[in-house]
Amino acid sequence: MLVVMKAHATQEEIQAVCEHIAQLGFRAHPLPGAQRTAIGITGNQGEVDRGNLESLSGVAEVIRVSKAYKLASRDVKEEDTVVSFPGTSAAIGGRSLAVIAGPCSVESREQALAIAEQVAAAGAQFFRGGAYKPRTSPYAFQGLGLEALRILADVREKFGLRIVTEALDTETLETVAEWSDVVQIGARNMQNFSLLRKAGRLRKPVLIKRGMSATLEEFLMAAEYVMSEGNYQVILCERGVRTFSDHARNTLDLSIIPALRHVSHLPILVDPSHGTGRRDSVLPMARAAVAAGADGLMVEVHNHPESALSDGPQSIYPAQFASMMDEIERIAPIVGRNLARNAPAITAAGVK
Ligand code: PEP
Ligand code: MN
């Protein structure tokens, strides 16, 4: 159910409706929009008695949301969600494209700082790097853990980049959240419902990667898990799905961009690195993602991909990343966008 407030409803009226919903034993989710505030109701098994709600002051109407996902749906919030980062000009969603770049894994301080310097110089505003890695083999590099989180904090400090890193399990989620600006939930965890719920209790943006065989509805239900706990700062990321195609690691499903955009207000990023698994495919698919209306990209960049501890074959060189930035900057205006570049001038001494 959704309570749509009148355009000029006051904060007190909104608060009173939320309290009424809580008294009924349900959860109220006030979502302010440009025109009016809508209040999503969750926790109800069946219909909520709309009679009482409709008579409350400031209420325009009460609507049933028929889709399985509610808070993630455009029925609840018409305007696109923009996730912003207080104290910075960085944002994910809206007119400016957001670019997250960096290695698959943080391997050492030298490696992370060297790559960060180059992606920042090319204009990335966000740095990625795994500290806790979901690896198919238990014998493969599992990430440097807390040491990597400390290195990522240095990257933020030195280059003014926002940090995106994956939380692998409920045990490490809070630590990851403490050290990062965006908590990534990986494809393998997209339906780890206890992890999603716990991420919903954070007050920090959560980036959810699409599961390898997830439908659009399953993808949005993962977002719904996070939002149902009161965390509305959710970012979706298409990273390819498994198909019969064997020319690439995954099949990057760019057609999900307009499909998601149609039904959801959440920002949508594309990861052409995991989406293809091939360095030579990253640039063409990055261009295509921007042309198809993505809100930004997540790209793996490595200074020595031939010796990377994970995902070397799909990691592009810093110089290729710089070309990618120039190219998407030229494509962006055609689709009504611009590229937000890292503003601070980088010097050897750090951010000026
Ligand atoms: C990653 O971003 O390094 C990663 C493991 O991604 P995914 O969960 O999409 O496989
Ligand atoms: Mn990777």
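**Exercise 1. Find the residues that come nearest to ligand 1, then look at its polar contacts and how far the protein covers it.**

Step 1. Start with the neighbours: 13 residues surround ligand 1, and those that come nearest are Arg 128, Lys 133, Ala 187, Arg 188 and Arg 239. Keep in mind as you work that this is a predicted model.

Step 2. Now go for polar contacts. In the side chain of Arg 128, an N or O atom sits 2.8 Å from an oxygen atom of ligand 1. Gln 184 brings a polar side-chain atom to 3.0 Å from an oxygen atom of the ligand. For Lys 209, a polar side-chain atom is also found 3.0 Å from a ligand oxygen.

Step 3. Finish with the cover. On its own, ligand 1 has 300 Å² of accessible area, and the protein covers 97% of that.

**Exercise 2. Work out which residues hold the manganese ion (ligand 2) and where they sit along the chain.**

Step 1. List the protein donors with their atoms: Cys 104 (SG), His 274 (NE2), Glu 300 (OE) and Asp 311 (OD). They lie 2.0 to 2.4 Å from the ion.

Step 2. Write down the spacing along the chain, which reads C-x169-H-x25-E-x10-D. Take Cys 104 and Glu 300 as a pair: they link distant parts of the chain, 196 residues apart. Cys 104 is in the loop between strand S7 (96-102) and helix H3 (109-121), while Glu 300 belongs to strand S14 (residues 296-300).

Step 3. Are Cys 104 and Glu 300 buried or exposed? The cut-off for buried is under 20% relative accessible area. Cys 104 has 2%, so it is buried. Glu 300 has 1%, so it is buried too.

Step 4. Give Asp 311 a closer look. You'll find Asp 311 in the loop between S14 and helix H11 (318-331). Its phi is positive, about 55°, although Asp 311 is not a glycine. With a relative accessibility of 19%, Asp 311 still counts as buried.

**Exercise 3. Sort the aromatic pairs of this structure by their geometry.**

Step 1. How many aromatic pairs does the structure hold? There are 2. To describe a pair of aromatic rings, you need the distance of the centres and the angle of the planes.

Step 2. Take Phe 85 and Phe 126. Their ring centres are 5.2 Å apart and the planes meet at 70°, so this pair is edge-to-face. The two residues come from distant parts of the chain, 41 residues apart: Phe 85 is in the loop between strand S5 (83-84) and strand S6 (91-92), and Phe 126 is in strand S8 (residues 126-128). Phe 85 is buried at 5% relative accessible area, and Phe 126 is buried at 0%.

Step 3. Move on to Phe 193 and Tyr 225. Here the centres are 4.5 Å apart with 25° between the planes, and the pair is stacked. Phe 193 is part of helix H6 (residues 193-200) and Tyr 225 is part of helix H7 (residues 216-228), so the pair ties together parts 32 residues apart in sequence. Both residues count as partly exposed: Phe 193 has a relative accessibility of 34%, and Tyr 225 has 24%.

**Exercise 4. Describe the stretch that carries a UniProt domain annotation.**

Step 1. Get the limits from the record: an unreviewed UniProt entry places "domain: DAHP synthetase I/KDSA" on residues 93-327.

Step 2. Check the make-up of residues 93-327: the chain there is 40% helix and 15% strand. The C-alpha atoms at the ends of this stretch are 20 Å apart.

Note on methods. Residues are numbered from 1 along each chain as its sequence is written. Chains are lettered from A and ligands numbered from 1 in the order in which they are written. This is a predicted model: local features need pLDDT of at least 70, side-chain atom pairs count only at pLDDT 80 or more; totals for chains, interfaces and linings use all residues. Side-chain values use heavy atoms; hydrogens and water are left out. Donors are N, O and S atoms within 2.8 Å of the metal (3.2 Å for Na, K and Ca); water is not among the atoms, so sites may look incomplete. Helices (H or I, at least four residues) and strands (E, at least two) are DSSP runs, numbered from the N terminus. Buried means under 20% relative accessible area, exposed over 50%, partly exposed in between (1.4 Å probe, protein chains only). Rings of Phe, Tyr and Trp (its six-membered ring) pair if their centres lie within 6.5 Å; planes under 30 degrees apart count as stacked, over 60 as edge-to-face and the rest as tilted. A residue is near a molecule or strand if one of its heavy atoms lies within 4 Å of it. A polar contact is a pair of N or O atoms within 3.5 Å; within protein, one must be able to donate a hydrogen and the other to accept it, and residues adjacent in sequence count only if both atoms are side-chain atoms. Accessible areas come from the Shrake-Rupley method with a 1.4 Å probe; for residues, only the protein chains shown count as cover. UniProt positions are given in the numbering used here, feature names are shortened, and annotations may be inferred rather than shown by experiment.
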